[in-house]
Structures are given as C-alpha cells and as structure tokens.
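Reader: I've got a model open and I'd like to learn how to read its helices and loops. Can you walk me through it?

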Amino acid sequence: MMRIKFDTHTHTIASTHAYSTFTENATFAAKIGMDGFAVTDHGPAMPDAPHDWHFRNLKNLPRLMFGQKILVGAEVNILDIKGNIDLDEDILKRLDVVNVSIHEPAYKDTDKDDHTEAYEAIVTNPLTDIICHSGSPKFKYDYEYIIKLAKKHNKLIEINNHTFFVRRSNVENCRRIAEICKKTGTGIVVSSDAHFSMDIGNYDLALGMLEEIDFPEELIMNTTYEKFKDFMENERGKKMGAWVLQAQI
Ligand SMILES: [Zn+2]
Ligand SMILES: [Zn+2]
C-alpha cells in the first residue's frame, strides 16, 4: 500500500472532542516515520472549538519537532449557503493550510436540497486550500462542476479516512468524488482527520478505496512533505511555514 507521509488534517485537545496534545501528535508521527503533519483544529463556530486566539497564536508552535515538519492551519466551517466561513481574513492569510468543511452544528442552511452555491463560493475564495469530507448525502452539490472549478483554482479535494468509520453514509459519494478527481485530473490529499495521536498516518480505508478505483498516485499531493509544499507554494502561491516567531528563524 502506498504511503502518505504528510498528514494534512489532524486535531488536538484544542478541539475538546479530540484527545491528544500537539506534543503527543508530534511524538507519534515521528515514531511511525512520517514527514510531518498540519495541525488543523476546528474553527470557532463549532461548539467545542477554541477561541479565535488559538489561531492567531499558532506562530508559537515549532515548525520542526522530533524531525517532523509542522504546518499550522484550521478546519474552518462553512456557515451558510453563501459560503461564509468562521475565521477572519487576517487570520486565514497567515495559516499554511486552510481546510474547509460543512459541519452540521455550524451550518445554517441545512434545509436546502443543493449546496453547490456554498461550495462554489469556497473554491473561488483565494483564502481556502482544501475541501474536506464533502461526501455527505445531506449536503450534496454538483460534484463535477465544483471539482472542475477546484482544479481551475488550484484547490485540493480531501479523501478523509475518518469518513470510513464515522461518516459511513458518505462513503459512496466519497468514491464518486474520487472518481471525478481521477477523470478530471484534479489533485487530492488523503488525510487521517486524527482525533487521537495514534490515528495520525492511518489512511488504510481511504487508500483501500483509492486502490479499488485505480487512483493515480501523481494526483495525491501529500505523499511527502516536499510534494505538498511544492504544490502549495507553486500552485497556491503560499509560502509554507512563513508565519513563525522571529526567535525561531
Ligand atoms: Zn470535520
Ligand atoms: Zn476534522
């Protein structure tokens, strides 16, 4: 099975439904020989999320720890059909990785039948990077249209391993999304969405599905830290790890 050495979506106890500290995450990632990971706790609209000071202060984290490359980010919430999100522009600009998700408790327009409008606003927003776990049958959108638009705007589509055991109703759509990415040549990331340190780097179920559909490895942008960094810097035009305390440079 192929290896994914940079995990783009992980949580810490800053989101209280997750159970490990940043240091525990880095320790485990080093132990299993990862290149590194992005720390991406929930944006403030989720009931268990940290205050937005958490995101303003991420520059305090080390960018290299136990040999692990660390990127800082958030998993922001789509708030409504207009595609508004829950962190201010001045914070989003400083984050290395902006994961974007619909989470039901933070989303106002749950009654709509189609959520293409929200996703269109997200993929055309220059401050977002990765569309996360978007296979929910409750929040369907025009996959083909949005995925093509994501490619045009150099956004990545996430295949989230956590989906395969906590959001099982999404699995069929998740496969369709991956098939459309394959067909259109759109880049993806494979993430653990770990809520506990020992789940970092675990993508067995997601990779199993990608192998079944013969998904091309060249479209998986986070197989190594270098590949992810190159994509983010060259295609997204962001400097990874730029936001650090002066003392750490
Ligand atoms: Zn999520
Ligand atoms: Zn998450």
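Author: Sure. Axes here are lines fitted to C-alpha atoms, for helices over the stretch in contact, and angles run from 0 to 180 degrees between N-to-C directions. Keep in mind that this is a predicted model.

Reader: Okay, and how do I describe two packed helices?

Author: Two packed helices are described by the angle between their axes and the distance between the axes. Take helix H4 (residues 116-123) and helix H5 (residues 143-152): their axes are 10 Å apart, and the packing angle is about 5 degrees. That makes H4 roughly parallel to H5, because angles under 35 degrees count as roughly parallel.

Reader: Which residues of H4 and H5 make the contact?

Author: From H4 you get Thr116, Tyr119, Glu120 and Val123, and from H5 come Tyr145, Ile146, Leu149 and Ala150. Sorted by class, this H4 with H5 contact has 6 nonpolar, 1 polar and 1 charged residues.

Reader: What about H5 and helix H7: at what angle do their axes cross?

Author: Roughly 50 degrees, with the axes of H5 and H7 (residues 171-184) coming within 10 Å. That makes H5 oblique to H7. As for handedness, the crossing of H5 and H7 is right-handed.

Reader: And which residues meet there, H5 to H7?

Author: On the H5 side, Tyr143, Glu144, Ile147, Lys148 and Lys151; on the H7 side, Arg176, Ile177, Ile180, Cys181 and Thr184. The residues of that contact of H5 with H7 divide into 5 nonpolar, 1 polar and 4 charged.

Reader: Next topic: burial. How do I tell which side of a helix faces inward?

Author: Start with a cut-off: a residue is buried if 20 or more other C-beta atoms lie within 10 Å of its own, and exposed if 12 or fewer do. Then look at how the buried residues are spread around the axis. In helix H8 (204-212), Ala206, Met209 and Leu210 are buried. Seen down the axis of H8, these buried residues fall within an arc of 100 degrees, so they line one face of the helix. Over on the other side of H8, you'll find Asp204, Gly208, Glu211 and Glu212 exposed.

Reader: What covers the buried residues of H8?

Author: The cover includes strand E7, helix H6 (163-166), H7 and strand E8 (188-191).

Reader: Which residues of H9 are buried, and which are exposed on its other side?

Author: Phe228, Lys229 and Met232 are the buried ones in H9. They cover an arc of only 100 degrees around the axis, which puts them on the same side of H9. Glu226 and Asn234 are exposed on the other side of H9. The buried residues of H9 pack against strand E1.

Reader: And what do the buried residues of helix H1 look like?

Author: In H1 (residues 22-31) they are Asn25, Ala26, Phe28 and Ala29. They span an arc of only 165 degrees around the axis, which puts them on the same side of H1. Their packing partners are strands E1 (6-10), E2 (36-42), E3 (64-65) and E4 (68-77).

Reader: Now backbone angles. How should I read a positive phi?

Author: Most residues other than glycine have a negative phi, and most peptide bonds are trans. With that in mind, look just past the helix ends. Gly33, just after H1, takes a positive phi of about 75 degrees, and Gly237, just after H9, has one of about 70 degrees.

Reader: Where does Asp214, which is not a glycine, have its positive phi?

Author: In the loop between H8 and H9, with phi at about 55 degrees. Asp214 counts as exposed, with 8 C-beta neighbours inside 10 Å. Asn154 is another non-glycine with a positive phi of about 55 degrees. Asn154 lies in the loop between H5 and E7 (156-160) and is partly exposed, with 17 other C-beta atoms within 10 Å.

Reader: Last one: is Ile130 buried or exposed?

Author: Buried, with 28 other C-beta atoms within 10 Å. Ile130 sits in strand E6 (residues 130-131). Leaving aside neighbours within four places in sequence, the contacts of Ile130 include Thr8, Val97, Lys155 and Val189. For contrast, try Pro216 in the loop between H8 and H9: Pro216 is exposed, with 12 other C-beta atoms within 10 Å.

Conventions. Residues numbered from 1 in each chain as written. Chains lettered and ligands numbered in written order. Predicted model: local features only at pLDDT ≥ 70, side-chain atom pairs only at ≥ 80, totals over all residues. Helix = DSSP H or I, 4+ residues; strand = E, 2+ residues; numbered from the N terminus. Parallel < 35°, antiparallel > 145°, perpendicular 65-115°, else oblique. Contact = placed C-beta atoms within 7 Å. Nonpolar A, V, L, I, M, F, W, Y, C, P; charged D, E, K, R; others polar. Left-handed = near helix turned anticlockwise from the far one by under 90°. Arc of directions from axis to C-beta.
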